[in-house]
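Thanks for taking a look at this one with me. Below are some notes to help you find your way around, set out as numbered points.

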Amino acid sequence: MEILKCEGVKKVYGSSENQVTALNGIDLSVSRGEFVAIVGASGSGKSTLLHILGSVEKPTEGKVMIDGTDLSRLNQTEAAIFRRRKVGLIYQFYNLIPTLTVRKNILMPLTLDRKKPNQEYFEKVVNSLGIAEKLDALPNQLSGGQQQRAAIARSLIYRPALLLADEPTGNLDQKNSREIIDMLKLSNRNLDQTILLITHDEKVALEAERIITVEDGRIISDQRRR
């Protein structure tokens with residue numbers, strides 16, 4: 001079942017002689033449960049694509065559908081709500097609230113909607129990510145790898161249609177990077193979570209089942225590995 005579809009997505013910044021085309025006709029389809037890596041050099045357009053898929057930015061032209069919703073039809077408030085409920089975002093920097101416990105950070109998306117968590121699912125997520133013993137700690141009491149696990153748990157708590165990870169291992173050493181990738185693969189396999197991973201690291205990209213290469217704002221390669 002198709003969870004994501006891009007048709008002719010173009011993104012232009014600036015105007016006249018200062019105009020820069022970041023994306024130039026992106027066509028993309030992703031099925032539910034896929035683990036996809038998007039690779040490309042700095043300035044290739046991969047991060048711009050992630051921002052558009054996360055409804056943080058709107059394309060200049062084209063259409064993006066996620067789980068049946070046309071993102072171009074959402075206003076700023078609707079886009080923020082959609083992003084919180086349907087798109088999990090993981091960044092290189094963990095963006096945890098320093099004054100809140102790990103538990104409260106993870107539950108923040110639900111708290112904003114005044115919703116109670118499904119306790120069974122919550123326990124499954126934190127146990128799978130190996131942070132069940134850290135729920136009452138503050139972020140500064142955790143290692144970098146543990147903070148990133150908490151950020152992943154927060155992104156999964158709403159059971160999003162799509163999980164977008166932007167260089168999630170960029171701030172971590174080799175051991176923690178390996179563990180975070182294993183966590184993402186686990187959520188893909190055990191929770192049937194659809195994942196799009198932005199990375200410049202070839203070794204990380206090879207963990208995905210599909211690798212898309214972006215260059216000069218275009219998809220130049222779409223390779224299924226298995």
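1. Let me begin with the aromatic rings: the count of aromatic pairs here comes to zero. Please keep in mind as you read on that this is a predicted model.

2. One aromatic ring does have a charged companion. The ring of Tyr-121 has the charged end of Arg-159 sitting over it, 3.9 Å from the ring's centre.

3. Now for the sheet, which is a good place to get your bearings. Six strands form an open sheet in the order S6-S7-S8-S3-S9-S10, and their pairing is mixed. At the edges stand strand S6 (87–90) and strand S10 (218–224); each has a single partner strand, so one side of each is left without a neighbour in the sheet. On average, neighbouring strands of this sheet are turned by 20° against each other, ignoring direction.

4. Let's start at the S6 edge. S6 and strand S7 (residues 162–166) run parallel and are joined by four bridges. If you would like a residue pair to look for, try Ile-90, whose bridge partner in S7 is Ala-165.

5. At the other edge, S9 and S10 run antiparallel, with six bridges between them. Here Glu-215 has Arg-218 in S10 as its bridge partner. The hairpin of S9 and S10 has two residues between the strands, and in this hairpin Asp-216 takes a positive phi near 50°.

6. Which helices lie across these strands? Helix H1 (residues 46–53) lies across strand S3 (35–39), S6, S7, strand S8 (195–199) and strand S9 (210–215), and runs at about 150° to S7. Helix H5 (residues 144–156) lies across S6 and S7, running at about 170° to S6.

7. Ser-155 gives a closer view of H5, the helix in which this residue is found. Is Ser-155 buried or exposed? Its relative accessibility is 7%, and because buried means under 20%, Ser-155 counts as buried. Leaving aside residues up to four places away in sequence, Ser-155 touches Gly-88, Leu-89, Ile-90, Pro-160 and Leu-163. Ile-90 is the residue you met above as the bridge partner of Ala-165.

8. For a contrast, go to the loop between S3 and H1, where Gly-43 is found. Gly-43 has a relative accessible area of 74% and is exposed. Its C-alpha atom is separated by 7.8 Å from that of Ala-22, a residue 21 places away along the chain.

9. How many salt bridges are there? The count comes to 13. The next points walk through a few of them.

10. Lys-86 and Asp-67 meet through their side chains in a salt bridge, at 2.8 Å from N to O. Lys-86 lies in helix H2 (residues 76–86), while Asp-67 lies in the loop between strand S4 (61–66) and strand S5 (69–70), so this pair ties together parts that are 19 residues apart in sequence. Lys-86 is partly exposed, at a relative accessible area of 32%, and Asp-67 also counts as partly exposed, at 25% relative accessibility.

11. Helix H2 takes part in another salt bridge, between Arg-85 and Asp-113, whose closest N and O atoms are 2.8 Å apart. Asp-113 is in the loop between helix H3 (102–112) and helix H4 (119–128) and Arg-85 is in helix H2, so the pair ties together parts 28 residues apart in sequence. Asp-113 is buried, with a relative accessible area of 15%, whereas Arg-85 counts as partly exposed at 35% relative accessibility.

12. Back in the sheet, Arg-210 forms a salt bridge with Asp-222, and their closest N and O atoms are 2.8 Å apart. Arg-210 is in strand S9 and Asp-222 in strand S10, 12 residues apart, and the pair links distant parts of the chain. Arg-210 is buried, with a relative accessible area of 3%, while Asp-222 is partly exposed at 42%.

13. One last thing to look for is a network. Salt bridges link Glu-34, Arg-210, Asp-222 and Arg-224. A handy way to find this network is to start from strands S9 and S10, which hold Arg-210 and Asp-222.

Notes: Residues numbered from 1 in each chain as written. Predicted model: local features only at pLDDT ≥ 70, side-chain atom pairs only at ≥ 80, totals over all residues. Heavy atoms only, no water. Pairing = 2+ DSSP bridges. Axes fitted to C-alpha atoms, helices over the stretch in contact; angles between N-to-C directions. Contact = heavy atoms within 4.5 Å. Buried < 20%, exposed > 50% of the residue type's maximum accessible area, 1.4 Å probe, protein only. Phe/Tyr/Trp six-rings, centres within 6.5 Å; stacked < 30°, edge-to-face > 60°. Lys NZ or Arg CZ within 6 Å of the ring centre and 35° of its normal. Salt bridge = Lys/Arg side-chain N within 4 Å of Asp/Glu carboxyl O.
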